[in-house]
Amino acid sequence: LLAAMESGLFHVRPTADGEVRVERLHTARFPRDGMRFNDGRTDRSGRFWVSSMVRDMSLADRSGALHRCDSRGLSAPLVEGLVTGNGLGFSPDGGTMYLSDSHPSVQRIWAFDLDAGGTPTNRREFVDMNLHPGRPDGAAVDAEGGYWICANDAGLVHRFTPDGRLDRSLRVPAAKPSMC
């Protein structure tokens, strides 16, 4: 297992005797104190992507960023200016990456072109979640390219088509769904 925690990325190995071995792979290098990693997801090439954020969300501090971990190690920030990075997802062909910021002051989902080497470019607004109930949280992309996002605080999961149109909303038995 790969775990992104406050101080870095760790390899976590449960053993047959019920113990857990933890080995640090990469040390977190945040631009300020009081930060941690947040949402993480692997892409179809096996690279692990993870956002960072300031723990105290009341500060609405935009020191958060998106990083990529691959065979070369943990990248420098690839997307900066996030308050609460969330909603990572990748299109079925791997050519589009989605990322949201769930902080109440932002509530946006962006799409990026993603090249074969794992470099995101052409950032563009995909969905303004201020126009829909709930804050964007964890996400997944289905085989048709539909982007499913948990609508935290609304008890919903929304599905958006690849062109950013709301396709459906499903009520779930929790007020704060966080990952689908």
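**Close-ups of salt bridges, cysteines and a buried aspartate**

**Glu6 counts as partly exposed, with 45% relative accessibility.** This view, like the others here, comes from a predicted model. The partner of Glu6 is Arg55: the two form a salt bridge whose closest N and O atoms sit 2.6 Å apart. In sequence, the two ends are 49 residues apart, so to speak a link between distant parts of the chain, with Glu6 in the loop between β1 (2-5) and β2 (8-14) and Arg55 in the loop between β5 (48-54) and β6 (64-70). Arg55 is partly exposed too, at 43% relative accessible area.

**Asp61 pairs with Arg32 in a salt bridge.** Here the closest N and O atoms are 2.5 Å apart. Asp61 belongs to the loop between β5 and β6, while Arg32 comes from the loop between β3 (20-27) and β4 (35-42), so this salt bridge ties together parts 29 residues apart in sequence. As for the arginine end, Arg32 is partly exposed, with 32% of its relative area accessible.

**Asp70 and Arg72 meet through their side chains.** Their salt bridge is 2.6 Å from N to O. Buried or exposed: which is Asp70? Asp70 counts as buried at 17% relative accessibility. Arg72, on the other hand, comes out exposed at 60%. Elsewhere, salt bridges with shared partners knit Asp142, Glu144, Arg159, Asp167 and Arg168 into one network. Over the structure the salt bridge count comes to 15.

**Asp137 is buried but has no salt bridge.** This aspartate is part of strand β13 (residues 135-141). What is the nearest side chain of opposite charge, and how far away is it? That would be Arg135, 5.6 Å away, while a salt bridge needs a nitrogen within 4 Å of a carboxyl oxygen. What Asp137 does have is a polar contact with Asn86, side chain to side chain, at 3.3 Å. Not counting neighbours within four places in sequence, Asp137 is in contact with Asn86, Gly87, Ser100, Ile149, Cys150, Asn152, Pro177 and Ser178.

**Cys150 and Cys180 do not make a disulfide.** Why is there no bond between them? The sulfur of Cys150 has its closest cysteine sulfur in Cys180, but at 4.1 Å that is too far for a bond, given that a disulfide requires sulfur atoms within 2.5 Å. Looking from the other side, Cys180 is in no disulfide either, and its nearest cysteine sulfur is that of Cys150, 4.1 Å away. A search of the whole structure turns up zero disulfides. The two cysteines differ in setting: Cys150 is buried at 1% relative accessible area, whereas Cys180 is partly exposed at 37%. Cys150 also turns up among the contacts of Asp137.

**Zooming out, the protein has zero helices and 16 strands.** Its C-alpha trace spans about 45 × 35 × 35 Å along the principal axes. The radius of gyration is 16 Å, which agrees with the value near 16 Å for a compact globule of 180 residues. How much of the protein counts as buried? Of its 180 residues, 47% do. Among contacts with a separation of 6 or more, 36% come from residues 24 or more positions apart.

Key:
Residues are numbered from 1 along each chain as its sequence is written. This is a predicted model: local features need pLDDT of at least 70, side-chain atom pairs count only at pLDDT 80 or more; totals for chains, interfaces and linings use all residues. Side-chain values use heavy atoms; hydrogens and water are left out. Buried means under 20% relative accessible area, exposed over 50%, partly exposed in between (1.4 Å probe, protein chains only). Helices (H or I, at least four residues) and strands (E, at least two) are DSSP runs, numbered from the N terminus. Lys and Arg count as positive and Asp and Glu as negative; His and the chain ends are not counted. A polar contact is a pair of N or O atoms within 3.5 Å; within protein, one must be able to donate a hydrogen and the other to accept it, and residues adjacent in sequence count only if both atoms are side-chain atoms. Contact means heavy atoms within 4.5 Å. The radius of gyration is taken over C-alpha atoms; the globule rule is 2.2 Å times the number of residues to the power 0.38.
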